[in-house]
Structures are given as C-alpha cells and as structure tokens.
Amino acid sequence: LAVVVVDAVPADDVLQIAEKTARKGMKDALRGVEVFDVYRGPGVPEGSRSLALRFRFRAQDRTLEDQAVDATMARVAEQLGQRDGISPRG
C-alpha cells in the first residue's frame, strides 16, 4: 500500500493507524506492518514523500481468503485517507 504523506506527519503515525486498522480486520492473522520504501521525486508534491507499506498476514489455523485481506486493506486505505496530510498514492 502506498500513501503520500506530508513531511510534518511522522511515518510512525502512519504505521500505527495502518496496524490498528488491519488488526481490527484480521485480528490474529496480522504479523506486522513496515515501511519498505520512501520516495521523493516526480509525482510526489514538494514537502511530501511516498511511503510504501508492507503488510504480513498469516493464519496458523486456516487459509486466508483474498476477499478478507482485500476488505481489510480497503479499510486501511480508507482510514489513512481520512487523516490530514495522508492521501492514497495512485
């Protein structure tokens, strides 16, 4: 998931929102969220950066279905997009 974040918003805030929202949707299957890339340049407004987030899901007791993960990721994107200074990268 990639989001554009103004420089005033710490990456840790983005991670906390993303993890809290994903954990609500996938409870025991979320293994972690991390920033794996930071980009500044063409396509990203001055004073902002693009953060690419990696989500790791795995359930010990069942096979995860695409629909459940996709719904959770949609909620994460929605929650992040509602915060000042954070918007989806598209």
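Let me start with one residue pair in this predicted model: V35 has L53, in strand β3, as its bridge partner. That pair belongs to a longer contact between two strands, since eight bridges join β2 to β3, residues 48–57, and these two strands run antiparallel.

If we step back to the sheet as a whole, we find an open sheet of four strands, in the order β2-β3-β1-β4, with antiparallel pairing. Because β2, residues 30–39, and β4, residues 86–88, each have a single partner strand, they stand at the edges, and one side of each is left without a neighbour in the sheet. On average, and ignoring direction, neighbouring strands here are turned by 30° against each other.

Now, which helix packs on the sheet and touches β1, β2, β3 and β4? That is helix α1, residues 11–26, whose direction makes about 30° with that of β3. Helix α2, residues 66–81, lies across β1, β3 and β4, and runs at about 150° to β3.

Let me turn to the nonpolar core. The largest one has 22 residues, and those with the most contacts inside it are V14, L53, F55, F57, L80 and I86; L53, you will recall, is the bridge partner of V35. Two or more residues of this core come from each of β1, α1, β2, β3 and α2, and the largest share, six residues, is given by α1.

I would like to finish with F55, one of the residues with the most contacts inside that core. Leaving aside its neighbours within four places in sequence, F55 is in contact with L1, A18, A22, L30, G32, V33, M73 and V76.

Definitions and conventions
Residues numbered from 1 in each chain as written. Predicted model: local features only at pLDDT ≥ 70, side-chain atom pairs only at ≥ 80, totals over all residues. Heavy atoms only, no water. Pairing = 2+ DSSP bridges. Axes fitted to C-alpha atoms, helices over the stretch in contact; angles between N-to-C directions. Contact = heavy atoms within 4.5 Å. Core = buried A, V, L, I, M, F, W, Y, C linked by side-chain atoms within 4.5 Å. Buried < 20%, exposed > 50% of the residue type's maximum accessible area, 1.4 Å probe, protein only.
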